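Q: Please go through this model and set each value against the definition behind it.

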Amino acid sequence: MIDLYYWTTPNGHKITIFLEEAGVPYSIKPINIGKGEQFQPEFLKISPNNRIPAIVDTEPADEGEPLSVFESGAILEYLAVKAGAYLPSDVRGRTEVMQWLFWQMGGLGPMLGQNHHFRGYSNEKIAYAIERYTKETERLYGVLDERLADRKFVAGDYSIADMACFPWIMTHKAQGMTLDDFPHVKRWYALLRARPKLQAGLAVGKGARAPMDEQARKIMFGTDAPPHSAQQQ
Ligand SMILES: N[C@@H](CCC(=O)N[C@@H](CS)C(=O)NCC(=O)O)C(=O)O
């Protein structure tokens, strides 16, 4: 019913977490981004930004042609509306979730992605870039910590806002962060980490991703990538 074009990365995990939590049937279409499969013409038709994740809903609500969606935030919203789960229908609850979802999409994801890039993937270790993105990561963790100081979840009940943030906090060690500095994030992280369905989402494709080698580095960040594929997260 839902075809998920996926690779085992934080943005991919957001969607497997949702599908497992909501019990929506899905089939995985692996896109090995280390091998350049994100540039295949057939994939670009559904994900023109050559990034995973993307979905094709073979049974959309209007009973029309299969419907494709790219961008993990748009996919989470689409699936939440379709499943009637993890996104409130009242205007205030929905707006609260959506602003934190957009905060993750516009801030937490891209900035932590750059942190991963300059600390981990880049062969050249540029002190200015590492410091800039580590500081920004720290600031964003601070915003999340403050937000979680007086509530259990990011926005109302457990929602797509939590599912979007979680996979990016999971890699905190690689970002130079320790959760001991963010006690409310630490409590929230442990609460979510204990959810069996969330764990099932994280387990999808586990082991398929090889450590980044020179070939993958060239494909994703270098000269072997088509010109429109300037790196982003
Ligand atoms: N804003 C996009 C970002 C997606 C993204 O950056 N995906 C990465 C994996 S986490 C990717 O496909 N990278 C392939 C590449 O850089 O060529 C979303 O949230 O869906």
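A: A polar contact is a pair of N or O atoms within 3.5 Å; within protein, one must be able to donate a hydrogen and the other to accept it, and residues adjacent in sequence count only if both atoms are side-chain atoms. This is a predicted model, in which local features need pLDDT of at least 70, side-chain atom pairs count only at pLDDT 80 or more, and totals for chains, interfaces and linings use all residues. Residues are numbered from 1 along each chain as its sequence is written, and side-chain values use heavy atoms, with hydrogens and water left out.

Q: What makes the pair between Ser72 and the ligand a polar contact?
A: A polar side-chain atom of Ser72 is 2.6 Å from a ligand oxygen, and the limit is 3.5 Å; the pair therefore counts. The backbone of Ile52 also takes part, with a polar atom 2.8 Å from a nitrogen of the ligand. For Arg51, a side-chain N or O atom is 3.5 Å from an oxygen of the ligand. Of the ligand's own 520 Å² of accessible area (Shrake-Rupley method, 1.4 Å probe), the protein covers 96%.

Q: Which residues come nearest to the ligand?
A: Thr9, Gln38, Ile52, Glu71 and Ser72 do, out of 14 residues around the ligand; a residue is near if one of its heavy atoms lies within 4 Å.

Q: Why are E2 and E4 called edge strands?
A: Strands are DSSP runs of E with at least two residues, numbered from the N terminus, and two strands pair if DSSP finds at least two bridges between them. The open sheet has the order E2-E1-E3-E4, with mixed pairing. E2 (26–30) and E4 (67–70) each have a single partner strand, so one side of each lacks a neighbour in the sheet.

Q: How do you know that E1 and E2 pair?
A: Five bridges join E1 (residues 2–6) to E2, and at least two are needed, so the strands pair. They run parallel. Tyr5 is opposite Lys29 in E2.

Q: What is the peptide bond between Ile52 and Pro53?
A: The bond is cis, with omega about 0°. Pro53 sits in the loop between helix H2 (41–46) and E3.

Terms used:
Helices (H or I, at least four residues) and strands (E, at least two) are DSSP runs, numbered from the N terminus.
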